[in-house]
Amino acid sequence: MRSSLALLFLVFLSGCAGTGYNDWTEKEQAKYKYFLSLQAVDTLQTYKGLKCTSDKPLTDCLKEVNPLYGKSPSAERIVGLKLLSNLLIYAALRGESDVMSRETTLDIMNIGITVVIINNQIVINRMF
């Protein structure tokens, strides 16, 4: 409960509740919504994949490889870190960049998370 309140407080402090996003193009907004949807799929895969619902011994269960989560994270930790990372990503996307457009950045991020989701599903299918 304490970590949930801290995350909520962080959201309010970030100032991203109604700024920036409305100034984006429709295409950028659509790509960002797609990114958030893919993030939700990744989060669900992570949670379900780590639950170890198979008939295998506990030692044969899947383990998380992301060092931020730990080998067997709780649902709260998975969601909390995902929320925090997405707040940071949003904050980075709000700014203008001379290196790469927001649309190109979102394209790269969407490709990256899609590859992660495909890999997750391959690992889950092999295990269960």
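**Notebook: a loop, a patch and a pocket**

I began at Met 100, which sits in the loop between α3 and α4. A reminder to myself before going on: this is a predicted model.

Next I looked up how much of Met 100 is open to solvent. Its relative accessible area is 33%. I call a residue buried under 20% and exposed over 50%, so Met 100 goes down as partly exposed.

I then checked for company around Met 100 on the surface. Val 99 and Ile 108 join Met 100 there in a nonpolar patch. Together, the three residues have about 310 Å² of accessible area.

Stepping back, I went through the fold. I found four helices and zero strands in the protein chain, and along the sequence the pattern reads α-α-α-α. The chain has 128 residues, and 31% of them are buried.

My last stop was the largest pocket. I noted about 490 Å³ of space in it. Three helices each give two or more residues to its lining: α2 (26-50), α3 (75-94) and α4 (102-127).

Which residues lie nearest the centre of the largest pocket? I wrote down Thr 46, Glu 64, Asn 66, Tyr 69 and Asn 120, out of 21 lining residues.

I also sorted the lining by character. Ten of its residues are nonpolar, seven are polar and four are charged.

To close the page, two places to revisit: the patch of Val 99, Met 100 and Ile 108, and the largest pocket with its 21 lining residues.

Conventions: Residues numbered from 1 in each chain as written. Predicted model: local features only at pLDDT ≥ 70, side-chain atom pairs only at ≥ 80, totals over all residues. Heavy atoms only, no water. 1 Å grid on protein atoms, 1.4 Å probe; cavity = no way out; pocket = protein on both sides within 12 Å on 5 of 7 lines; lining within 4 Å. Points joined across faces, edges and corners; volume = space filled by probe spheres on them. Nonpolar A, V, L, I, M, F, W, Y, C, P; charged D, E, K, R; others polar. Patch = residues over 30% accessible without salt bridge, like charges linked within 9 Å, V, L, I, M, F, W, Y side chains within 5 Å. Areas by Shrake-Rupley, 256 points an atom, 1.4 Å probe, with all protein chains shown as cover. Salt bridge = Lys/Arg side-chain N within 4 Å of Asp/Glu carboxyl O. Buried < 20%, exposed > 50% of the residue type's maximum accessible area, 1.4 Å probe, protein only.
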